[in-house]
Amino acid sequence: MVQRAFYIGRFQPYHYGHHSVIRNIAKEVDEIIVGIGSAQISHTIENPFTAGERLLMVSKSIEEFDVKAYIVPLEDIYRNDLWVAHVKSMVPPFSRVYSNNPLVIRLFKEEGMEVKECPLYQRDRYSGTEIRRRILAGEEWKHLVPEAVIEVIEEVNGVERLKEISQDDC
Ligand code: NAP
């Protein structure tokens, strides 16, 4: 039977920490479902990129891995106890979950799913929060994300967007 796994993140933006996690998952399963979390949120300092932009970042970046991947944007719902059912209704069937998020782990375990923890690679170096801070501060950030992510951010004028949003928030 095909071993298909589920991994979710907000990917604001997708970076080498996420990339390393997915590379490792790809070695253990036949197919991977990547959930784009909080798909409904964009154009904020914490969540500057749309679900479609994040989908592009992930799909272009993981082309290099030898794994069949399904990338599915998933909106949040206001009922944590129903969230696993929501996820299952939106993505292909899967038998294993990879996550390091305590809530995500808890919710899937309560539904009897197999969950494997997957700490981010070099967490102190690769962090969405730090990358967004660097972009806003005009500091170097491109070495922290795959080339495809740079291309997507440039295509959508993401640096300018983040800077403008931060002015609005002030
Ligand atoms: P997240 O809220 O996007 O990220 C939380 C923190 O965990 C971020 O600092 C993130 O870093 C970090 N992180 C991500 N992957 C990690 C890993 N493998 N190891 C260590 N740290 C990691 O949470 P998420 O787990 O990435 O994504 C979960 C998604 O599920 C969210 O969109 C959440 O809203 C959704 N969700 C929704 C419901 C509901 O609707 N009721 C319930 C549960 C979960 P980076 O910033 O560097 O990515």
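Start with the ligand: the space it takes is the largest pocket. The model on screen is predicted.

**Stop 1: the ligand and its shell**

Select the ligand and display the residues around it. The shell holds 23 residues. Among them, the closest are His-15, Ile-77, Asn-80, Arg-123 and Gly-128. Colour the shell by residue class, and it divides into 10 nonpolar, 10 polar and three charged residues.

Next, turn on the secondary structure. Which elements give two or more residues to the shell around the ligand? They are strand β1 (4–9) and the elements α3 (80–90) and α4 (102–110).

**Stop 2: polar contacts of the ligand**

Keep the ligand selected and add three residues from the list of closest ones, namely Asn-80, Arg-123 and Gly-128. Go to Asn-80 and look at its side chain: an N or O atom there is 2.7 Å from a nitrogen atom of the ligand. Move to Arg-123, where an N or O atom of the side chain lies 2.7 Å from an oxygen atom of the ligand. At Gly-128, show the backbone, since a polar backbone atom of this residue is 2.7 Å from an oxygen atom of the ligand. With these contacts in view, switch to a surface: the protein covers 83% of the 870 Å² of accessible area that the ligand has on its own.

**Stop 3: the cis bond at Pro-13**

Select Gln-12 and Pro-13. The peptide bond that joins them is cis, with omega at about 0 degrees. Pro-13 is in the loop between β1 and α1. For context, most peptide bonds are trans.

**Stop 4: the end of α1 and the loop after it**

Select Glu-28, which is in helix α1. Is Glu-28 buried or partly exposed? At 41% relative accessibility, Glu-28 counts as partly exposed. Draw a distance from its C-alpha atom to that of Arg-4: the two are 9.6 Å apart, with their positions 24 residues apart along the chain.

Then step to Val-29, in the loop between α1 (16–28) and β2 (31–36). Val-29 has a relative accessible area of 8%, so it counts as buried, the cut-off for that class being under 20%. Add Val-67 to the selection. Val-29 and Val-67 are 38 residues apart along the chain, and their C-alpha atoms are separated by 8.1 Å.

**Stop 5: two positive phi values between β2 and α2**

Follow the chain past β2. Select Ser-38, in the loop between β2 and α2. The phi of Ser-38 is near 50 degrees, a positive value in a residue other than glycine. Ser-38 counts as buried because its relative accessibility is 9%.

His-43 is found in the loop between β2 and α2. What is the phi of His-43? For His-43, phi is near 60 degrees, again positive in a residue that is not glycine. At 42% relative accessibility, His-43 counts as partly exposed. A Ramachandran plot is a useful window to have open here: most residues other than glycine have a negative phi.

**Stop 6: helix α2**

Select residues 51–61, which make up helix α2, and pick out Met-57 within the helix. Why does Met-57 count as buried? Its relative accessible area is 0%, and buried means under 20%. A distance drawn from the C-alpha atom of Met-57 to that of Arg-161 reads 17 Å, for two residues 104 apart along the chain.

Finish at Lys-60, which lies in helix α2. Lys-60 is partly exposed, with a relative accessible area of 35%. The last distance runs from Lys-60 to Val-87: these residues are 27 apart along the chain, and their C-alpha atoms are separated by 23 Å.

How values were computed:
Residues are numbered from 1 along each chain as its sequence is written. This is a predicted model: local features need pLDDT of at least 70, side-chain atom pairs count only at pLDDT 80 or more; totals for chains, interfaces and linings use all residues. Side-chain values use heavy atoms; hydrogens and water are left out. A residue is near a molecule or strand if one of its heavy atoms lies within 4 Å of it. A polar contact is a pair of N or O atoms within 3.5 Å; within protein, one must be able to donate a hydrogen and the other to accept it, and residues adjacent in sequence count only if both atoms are side-chain atoms. Accessible areas come from the Shrake-Rupley method with a 1.4 Å probe; for residues, only the protein chains shown count as cover. On a 1 Å grid over the protein atoms alone, a cavity is a set of points where a 1.4 Å probe fits but cannot get out, and a pocket is an open set with protein on both sides within 12 Å along at least five of seven lines; lining residues have an atom within 4 Å of a point. A molecule sits in a cavity or pocket if more than half of its atoms lie within 2 Å of its grid points. Helices (H or I, at least four residues) and strands (E, at least two) are DSSP runs, numbered from the N terminus. Ala, Val, Leu, Ile, Met, Phe, Trp, Tyr, Cys and Pro count as nonpolar, Asp, Glu, Lys and Arg as charged, and the others, Gly among them, as polar. Buried means under 20% relative accessible area, exposed over 50%, partly exposed in between (1.4 Å probe, protein chains only).
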